[in-house]
Amino acid sequence: FPFPYTPYRIQEQFMEALYGALEAGRVGIFESPTGTGKSLSLICGALSWLRDLEEKKRQEEARLLEGLSPAEPGHPGGTDTAGEPDWVTAFVQRKEERDKVDRLKEEQIRRKKREDRLEKIRNNVQLKYAAKRKRSEEDETKRLLQLSKETLSQEAGADVLDQLDHNEEELILAEYESDEEKNVVSRLEEDDDDLEEEHVTKIYYCSRTHSQLSQFVREVQKSPFGKDTRLVSLGSRQNLCVNEEVRHLGALQLINDRCMEMQKNKHEKKSDEENEGKKRRVSRAVCPFYSYEQMQFLRDEVLVEVKDIEQLVSLGRETKACPYYGSRYAIPAAQLVVLPYQMLLHEPTRSAAGIKLKDQVVIIDEAHNLIDTITCIHSAEVSGSQLCCAHSQLSQYMERYRKRLKAKNLMYIKQILYLLEQFVAMLGGNVNQNPGCQTVSQTGTVLKSINDFLFQSQVDNINLFKVQRYCEKSLISRKLFGFMERYGGSATAVKNNKENQKLAGLQNFLLTLQQGSDKEAGTPQNPPVEAENDQLRATSPLMQIEGFLSALTNANQDGRVILNRQGTVGQSSLKFLLLNPAVHFAKVVEECRAVIIAGGTMQPVADFREQLLSCAGVDPARVLEFSCGHVIPPENILPIILCNGPSNQQLEFTYQTRDLPQMMDETGRILCNLCNVIPGGVVCFFPSYEYEKQVYAHWEKTGLLTRLATKKKIFQEPKKANQVEQVLAEYAKCIKRCSQAGGQMTGALLLSVVGGKMSEGINFSDDLGRCVIMVGMPYPNIKSPELQEKMAWLDKTMPRAAGQAPSRALTENLCMKAVNQSIGRAIRHQKDFASILLLDHRYARPAIFNKLPQWIRERTQVKPAFGSAFAELRKFHRGKLDAL
């Protein structure tokens with residue numbers, strides 16, 4: 001395979017391991033620090049294996065169809081070993097063989113039909129123009145029909161149902177007929193069974209962000225597999241929706257709810273029109289992009305040519321078809337499905353997207369933070385202000401439409417209100433009072449098991465599974481948001497009759513949530529109208545509460561509820577913390593044929609083996625671990641562990657010693673010396689934003705910052721994400737200008753933070769990162785209640801490894817994962833070179849040293865004194881400059 005990023009020896013090792021894992025159905029942990037080449041190698045190898053598998057299946061089908069013949073009739077009087085007569089056994093065998101032949105023939109017909117249709121679309125340009133012309137004619141017909149309906153409606157006058165305002169009917173909850181789940185099959189799925197090929201093995205490729213996936217798809221397009229691979233890119237409605245009316249809602253949950261409501265309106269529209277003799281219902285909005293014919297055309301276009309997310313959205317606008325559903329309908333016939341791994345790891349989202357993992361292949365790229373991602377997806381937090389606000393909104397909604405709501409709707413709404421009351425009571429407050437004015441008597445953080453929390457809040461008699469299902473199916477959060485949009489901000493809009501006057505208090509209560517502290521101080525304010533409208537257009541707090549209710553349905557042993565009581569009820573919060581991520585990863589591993597967990601820096605891998613795979617019940621024999629070397633030659637990297645500084649001060653950046661002036665001075669001396677001999681860019685990582693700010697202020701006070709600025713222009717990592725691009729652009733521009741102009745200033749120094757914006761996904765290649773410096777060891781905050789609970793849970797459930805407690809291993813692994821991600825930013829291609837300096841003598845300890853990536857560990861030097869380390873660094877960089 002032509003992989004331009006990877007030497008042949010690494011390709012060979014990589015492919016052999018990947019083929020073995022896919023063929024044997026293994027769970028592979030792959031570490032390959034080769035940048036884009038790693039992702040491309042993964043998918044090219046997997047697609048090559050998939051083609052071999054498809055060819056084997058076709059050969060097997062042909063052999064079976066040729067070789068199957070009617071079974072020999074049994075002897076009338078004989079019996080088989082199971083006691084059945086021979087003629088019965090022969091009849092059963094013949095029937096099984098006939099069914100198998102029929103099934104294989106049907107599959108071949110489906111496959112041939114699909115291939116012929118896609119080939120016709122690929123080669124017949126006129127067909128595309130004909131389809132576009134047909135859509136234009138249909139749009140014009142619909143427009144004229146709508147115009148005539150509006151004209152008739154104006155002449156006849158609009159009907160108003162039960163004296164409700166125009167279009168207010170859509171705010172009322174539909175009758176909730178059953179508590180049980182219903183499998184509703186869409187008309188497209190019913191009419192298009194010819195595309196269902198569940199026997200076809202697919203590859204699900206997952207990465208962290210949509211931008212990474214788009215970059216990956218562009219690489220696939222340029223690869224040898226780009227022209228004839230059926231690839232589908234999946235994303236959220238937020239990324240794929242082309243309906244501007246829905247897109248402007250902004251929040252993902254609002255977009256989801258509005259989209260589902262429009263679909264529901266489309267299905268109900270037909271039945272409403274058929275009810276002759278009844279009063280005409282108020283028309284409801286339907287999505288013009290949700291059309292069977294349009295999405296069928298988009299689906300075929302997606303399968304014909306590889307497209308990324310941006311191209312898919314453009315195609316959706318051009319064809320006036322929904323890219324979100326059009327891409328989902330293309331999944332059955334696809335060979336490669338590209339999606340964010342949050343979509344694959346969350347089971348409800350996976351089911352809604354139509355992703356079936358049975359006997360499929362899953363490749364999870366950029367998986368170094370996989371455990372944290374699973375934990376984050378299945379955790380939830382709500383504040384006291386959100387609980388009180390949701391209770392007020394829902395109470396007003398129920399009072400407004402009490403006579404219009406069915407009995408089951410009222411029952412569930414009252415259950416939700418009761419849950420909200422009890423949750424606020426657990427925080428020490430009352431839902432009927434301003435949360436910003438209620439002072440919490442006992443502040444602090446308390447952790448409880450799920451069962452203890454439910455018992456103490458007196459909600460253990462409520463079936464949370466049913467409540468959560470009701471919230472999901474009834475779209476109550478969307479109805480409530482529409483209600484607040486309509487009546488929350490305008491007092492005049494709700495004073496038409498006596499019933500509407502009750503809603504005036506809702507506006508006043510919502511405003512007190514923000515003004516509580518001002519009223520308490522006796523300084524009433526009149527906020528501007530714009531701020532009021534912004535507040536009323538905010539996402540309904542009930543949406544976050546639904547996530548918290550869903551989290552409470554986890555098993556008691558798999559999570560904890562954290563009660564964080566602060567100064568007021570509004571500032572306090574309830575948080576669910578998932579302790580066992582394996583419980584949600586187990587189904588992926590069980591159903592899939594093979595799972596590949598890959599990343600450029602996966603060390604230490606013990607977390608994946610123990611917390612994910614072992615806890616998920618994966619047989620250790622099924623786990624394959626593979627780590628290949630970096631693409632660079634050994635002489636292009638110089639990692640050094642420095643134990644002492646220039647003044648012989650021991651480097652140990654613990655919480656107790658790192659704030660000492662002599663430690664900060666020693667760090668500054670090291671940087672001053674290095675900036676004198678290292679050209680281009682130097683990236684220095686600190687354990688936290690607070691420590692980086694403290695050191696910067698100390699250097700500024702002592703004058704050391706001025707000395708540094710004579711050789712390198714100093715940049716600081718911004719906390720705001722929207723400022724990162726600007727800082728990086730200025731940093732790169734400064735380095736380029738210094739290299740071209742020469743002079744005393746040789747480049748730039750970037751002060752960054754471990755775990756911040758610069759530590760992942762940023763390429764400091766070539767002159768942008770000739771040296772990476774790690775100040776201290778970025779251990780997590782041991783006093784964090786969440787971390788303490790996680791450590792206690794690991795000590796209780798996991799065995800000791802190599803004489804080390806699991807909790808101790810957790811803190812070390814979290815620290816070293818962050819270090820490994822940060823120091824890998826500088827080496828990005830085969831001809832790149834850089835030095836790595838670890839400033840702390842604790843890195844030399846065997847337990848820590850062995851958790852460095854193999855390609856760094858095998859080249860690392862431990863230097864007790866600064867003099868010898870400085871000499872090595874100067875020799876290394878001068879040699880590389882001379883070579884250039």
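## A guided look at a predicted protein model

Let us start in a loop: D766 is found between β15 (747–753) and β16 (771–775). Please keep in mind that everything here describes a predicted model. The backbone at D766 has a phi near 55°, a positive value in a residue other than glycine. With a relative accessible area of 32%, D766 is partly exposed.

K320 can be described in similar terms. Its loop runs between α11 (309–319) and α12 (323–329). The phi of K320 is near 55°, and this positive value again belongs to a residue other than glycine. K320 counts as partly exposed, because its relative accessibility is 40% and so falls between the limits of 20% and 50%.

Another backbone detail appears at P604, in the loop between β10 (594–599) and α26 (606–614). The peptide bond leading from Q603 to P604 is cis, with omega near -10°.

### The protein as a whole

Now let us step back. The secondary structure comes to 35 helices and 18 strands. The protein has 884 residues, and 51% of them count as buried. How much of the contact between residues with a separation of 6 or more comes from residues 24 or more positions apart? The share is 81%. On the outside, the protein exposes about 41,500 Å², with carbon and sulfur atoms supplying 49% of that area.

### Two helices with a buried side

Helix α35 covers residues 866–883, which makes 18 residues. From its first C-alpha to its last it reaches 26 Å, close to the 26 Å expected at 1.5 Å a residue. Its buried residues are F866, A869, F870, L873, F876, H877 and K880. These cover an arc of only 130° around the axis, so they sit on the same side of α35. On the other side of α35, K875, R878, D882 and A883 are exposed. And what do the buried residues of α35 pack against? Their partners are two strands early and late in the list, β12 (637–642) and β18 (861–863), together with α27 (661–677) and β17 (834–839).

Helix α26 gives a second example. Here D607, F608, Q611, L612 and L613 are buried. Because they span an arc of only 160° around the axis, they lie on the same side of α26.

### Serines, cysteines and a leucine

S379 is found in the loop between α15 (370–377) and β6 (380–383). A polar atom of its side chain lies 3.5 Å from the backbone oxygen of F576. Leaving aside neighbours within four places in sequence, S379 is in contact with F576, L577 and L578. S379 has a relative accessible area of 19%, so it is buried.

A second serine, S784, is in the loop between β16 and α31 (785–797). The side chains of S784 and E786 are joined by a polar contact of 3.1 Å.

What about cysteines? A search of the whole structure finds zero disulfides. Take C684: the nearest cysteine sulfur belongs to C771 and is 8.8 Å away, and C684 is in no disulfide. The cut-off for a disulfide is 2.5 Å, so a pair of sulfurs must come within that distance to count.

Finally, L252 has its place in helix α9 (residues 252–274). Not counting residues up to four places away in sequence, L252 touches S236 and Q238. L252 and N239 are 13 residues apart in sequence, and their C-alpha atoms are 9.4 Å apart in space.

### Buried or partly exposed?

The table gathers relative accessible areas for several residues, including some met above.

| Residue | Relative accessible area | Class |
|---|---|---|
| C643 | 12% | buried |
| C684 | 0% | buried |
| S784 | 18% | buried |
| S379 | 19% | buried |
| D766 | 32% | partly exposed |
| L252 | 37% | partly exposed |
| K320 | 40% | partly exposed |

Why does S379 count as buried? Its value is 19%, and buried means under 20%, so S379 falls in the buried class. For L252, the value of 37% lies between 20% and 50%, and therefore L252 is partly exposed.

Note on methods:
Residues are numbered from 1 along each chain as its sequence is written. This is a predicted model: local features need pLDDT of at least 70, side-chain atom pairs count only at pLDDT 80 or more; totals for chains, interfaces and linings use all residues. Side-chain values use heavy atoms; hydrogens and water are left out. Helices (H or I, at least four residues) and strands (E, at least two) are DSSP runs, numbered from the N terminus. Buried means under 20% relative accessible area, exposed over 50%, partly exposed in between (1.4 Å probe, protein chains only). The arc is that of the directions from the helix axis to the C-beta atoms. Contact means heavy atoms within 4.5 Å. Accessible areas come from the Shrake-Rupley method with a 1.4 Å probe; for residues, only the protein chains shown count as cover. A polar contact is a pair of N or O atoms within 3.5 Å; within protein, one must be able to donate a hydrogen and the other to accept it, and residues adjacent in sequence count only if both atoms are side-chain atoms. The expected span of a helix is 1.5 Å times one less than its number of residues.
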